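Here is a short briefing on how two chains meet. Start with the sequence and the model.

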There are 2 protein chains.
Amino acid sequence: MTQASPRFDRIKARPAYELVAEAIERKILAGRLRPGDPVGTESELVKQFGVNRSTVREGIRLLEQSGLVAREASRRLSVAAPHYHRLASRMSRALILQQVTFRELYHTSRALGPGSIDEAMDNRTQEDLEALEANLARTREMRNDAPAVAELDAEFHGLLDAATHNRVLQLAKEPVSMLVRPTTALIITSNPRGIPRLIEAHGHIVDALTRRDREKGRLWMDRHLRDWKAGFELSGRDLDSPVDAAGV
Amino acid sequence: MTQASPRFDRIKARPAYELVAEAIERKILAGRLRPGDPVGTESELVKQFGVNRSTVREGIRLLEQSGLVAREASRRLSVAAPHYHRLASRMSRALILQQVTFRELYHTSRALGPGSIDEAMDNRTQEDLEALEANLARTREMRNDAPAVAELDAEFHGLLDAATHNRVLQLAKEPVSMLVRPTTALIITSNPRGIPRLIEAHGHIVDALTRRDREKGRLWMDRHLRDWKAGFELSGRDLDSPVDAAGV
DNA sequence: TCATGTCCGATTGTCAGACGATCTGTCATG
DNA sequence: CATGACAGATCGTCTGACAATCGGACATGA
């Protein structure tokens, strides 16, 4: 309308409980409260902020959810270093509500695949390899139990991510993995004939990791993901249908 | 100690406000409450759950934080589809508190680089290209204003991610980008001599995207990231020092 | 000495009830 | 039809309270 008329900033009165949460949060992020430090009792916060205890409590709930503070066994409140697994589940739920499609999930997995394999190859330890071998062995044992294989497949990829020893990368992949898991379970149980190929791929990936054979690792990861997509299509589902919430 | 003694599950009495939050959350995730739907007034929830209003309010705060519910202008509570930008900032803060290192950040960026470029190349629209061109032009104009260039570089990579039209991939990259941004700003302002190379890389990337030249896109993205690391080292910082919180 | 039982203050979780401010909708007015 | 007045609903905040639990000090008994 009248473009030239003076525009005012939106007025938003922020409730006191938000201000309380923000004040505490700032202190944590500024490093003046470190993980493990006690935040103080509710009564203390009441005195410091000059608001009612109900208000303080509502503010604490906000922080609690984001993992910045947590109650110890003693029920006392202390600063926590939020671990990304907690946050990852929130993110994948957000994605589900956004109705992301299997196509998006698949392309993301393929985009992340080579990079993660490389990173795992560079940083894997002997323990990582042993854990992967153990997983592989159990998968072979369980090859006739589709749900168990689905479970073990999820574990396999989790171990792979852990082998990167890169927390940023793990964080980036975690929400994706959480969405992949239930889909994989569906695919495997609805068509167990893909299991031998899955085991073969896992085996080659572990072997590539062991010998630090970059090319082979990428190749088999790529095949593994293609098989995953093929299995999805075989199950008669639509690539552009939203990923559903089963189990997340 | 006595391994054979009967082990009991840990007893944890969950407070009522958590149960309230969980009940509402389940209803949303099950799809029985869809984004936009009203959750109901506090008094209604009080009646339904049979708890005090204070308790209901604490439960609401938990959900509010994770973005599952939000208050409209009318202050009434309704279900919201949490947008990942909000969550991403929480995740990057989590990473900062976990003291992740620049090395992890760098390797993650390189792991994600080729995949994102590919995906952007496949899905970019004409509008995406125009936005990137516009960003490029402004970066050239501002080439002598280091902070502005840093800002525009962040925007450039944001546009690149948007061009993938893949929400899962965007989500995966978002927390990483938020950590990259302040670091880039530091690098550029402390050594503006890198700016021409940055502009050159951006230009080639846009060109590759336009012509769908996959090889070229990957090549220049890789160079761009290597330059970024070189700039970081030039600034005299330690690769293994934690990424700091500036601006997040 | 060490394990057990007892008591007290501090803290949290929950509740009842209240008040002012703001938003929504209705109705009357000009 | 724009404006203003009004009532009801709802939220944000507060006061005050009580039970359950936790931590610690202390006493008791083997």
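The notes below cover the contact, the symmetry and one residue of chain B.

This is a predicted model: local features need pLDDT of at least 70, side-chain atom pairs count only at pLDDT 80 or more, and totals for chains, interfaces and linings use all residues. Residues are numbered from 1 along each chain as its sequence is written, and chains are lettered from A and ligands numbered from 1 in the order in which they are written.

**Contact between the chains**
- Chain A and chain B each give 44 residues to the contact (two residues are in contact if their C-beta atoms, placed from the backbone, lie within 7 Å).
- On the side of chain B that touches chain A, helices H3 (53–66), H4 (84–97), H5 (102–123) and H8 (167–190) of chain B each give two or more residues (helices are DSSP runs of H or I, at least four residues, numbered from the N terminus).
- H5(B) supplies the largest share of that side, 12 residues.
- That side of chain B holds 23 nonpolar, 10 polar and 11 charged residues (Ala, Val, Leu, Ile, Met, Phe, Trp, Tyr, Cys and Pro count as nonpolar, Asp, Glu, Lys and Arg as charged, and the others, Gly among them, as polar).
- The copies meet through the same surface, because 100% of the interface residues of chain B are also interface residues in chain A.

**Symmetry**
- A turn of 180 degrees and a shift of 0.0 Å along the axis lay chain B on chain A with an RMSD of 0.1 Å (least squares on the C-alpha atoms of residues with pLDDT of at least 70 in both).
- That is the relation of a two-fold axis.
- B:Ala172 comes closest to the rotation axis of the residues of chain B, at 2.3 Å (C-alpha).

**B:Ala137**
- Helix H6 (residues 126–141) of chain B contains B:Ala137.
- B:Ala137 counts as exposed, because it has 11 C-beta neighbours inside 10 Å (exposed means 12 or fewer other C-beta atoms within 10 Å, buried 20 or more, partly exposed in between, with C-beta atoms placed from the backbone).
- B:Ala137 and B:Gly203 are 66 residues apart along the chain, with 9.4 Å between their C-alpha atoms.
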